[in-house]
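Here's a quick tour for anyone meeting this structure for the first time. Take a look at it, then read on.

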Amino acid sequence: MGKTRLPQKIGILTAGGDCPGINAAIRGVGKTAIVKYGMKVIGISDGFSGLIHKEYMELTEHSLSGILTLGGTILGTSREKPFKSEGKPKNELRKPILIKEHYEQLGLDCLVCIGGNGTMKTAYMLSQNGLNVVGIPKTIDNDIWGTDITFGFDSAVNIATEAIDRLHSTANSHKRIMVIEIMGHNAGWLALYSGMAGGGDVILIPEIAHDEDVIMKYLAKRANDNKPYSIVVVAEGIKVPENEESPGRYFARKIQSVTGLETRETVLGYIQRGGTPSPMDRVLASRFGAAAANLIAQGKYGKMVAHRNGSISSIDLSEVAGKVKLVEANDPMVLQAREMGTCFGRC
Ligand code: F6P
């Protein structure tokens, strides 16, 4: 039997919203591929758009040095979805074909896709089109199916928690209600973790339908019980009446008008995604990167690296694609917070 050829050249791309830890993951894959396996590594610019336009750079041990602690992504990113063709002009339909052509022209043995849910779906579709693909899950939202945790999340929890901590003292001084809107897309993980870590009195997440009346009564009771202030943590994905510009602003206005309590809002925004990764994210991203390189060396494609039950493993992209990991309404964290008196907007 002839020996199977070890993959010699791989491409790495980063797609979707950026988050802390992406560069640590690029470094993890790249260094392992170069140092352990002697592969050539190229970095594709700006997500899938870089493969459509054949824009890339060579990554060497030297160029991968010094990026571990950097926020953002040295490769650039975009929200290009090459398979989304509905209502698009004809030339757009060629994108998956161009990607395959350029993958072959570049002589890639595998494409590493670092991204969130959308990226994992595209990665899966590319693998169905015959490309060798390995996915690495990243997002501050922590909503990727098949992994207990994504890198970016821990850094974002730290940032959001610090913001909530800082709101406590100003809320106390002015005896105000402080509403803080936290990112997370349609998932409540970031609001739940930072809300619990920051001692939010009310935590509203998309997975738990809220009743405004319950929230107003809860806040009014706190004021009557001589609690000088309250902190309301609102996930950006919760449902509010149409045409309201942001759930945080909506709630701040509503609380003040219904309860008469002075209320202010903070929409934390992109600060949650920027800057240097936390030590936990650096470690997780590096380990995901190394695991991806090891999968490639073993010829195990069509997979996403994952962190499950305390260890690094992998899962088929077919199982991940098209799914979202949301908070269960009876998640132990939710139940424990409720037992401490935290209001989730429902009796
Ligand atoms: O997925 C990460 C995330 O930051 C979400 O929390 C947020 O809803 C979204 O990206 C914002 O996306 P954009 O960068 O396109 O504004």
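## Two domains

The C-alpha centres of domain 1 and domain 2 lie 34 Å apart. Domain 1 covers 9-152 + 277-320 and domain 2 covers 154-273, with bounds taken from an automatic or database domain assignment. Where they meet, 14 residues of domain 1 are in contact with twelve residues of domain 2 (contact means heavy atoms within 4.5 Å).

A word on the basics: this is a predicted model, where local features need pLDDT of at least 70 and side-chain atom pairs count only at pLDDT 80 or more, while totals for chains, interfaces and linings use all residues. Residues are numbered from 1 along each chain as its sequence is written, and side-chain values use heavy atoms, leaving out hydrogens and water.

## Around the ligand

So who surrounds the ligand? It's R79, I140, D141, M183, G184, H185, E236, Y270 and R273, each with a heavy atom within 4 Å of it. Both domains give residues to this shell, so the ligand lies between them.

## Polar contacts

Three polar contacts (pairs of N or O atoms within 3.5 Å) are worth a look. The side chain of Y270 puts an N or O atom 2.4 Å from a ligand oxygen. For R273, a polar side-chain atom is 2.9 Å from an oxygen of the ligand, and G184 uses a backbone N or O atom, 3.1 Å from a ligand oxygen.

Technical notes
Polar contact = N/O pair within 3.5 Å; in protein donor to acceptor, adjacent residues only side chain to side chain.
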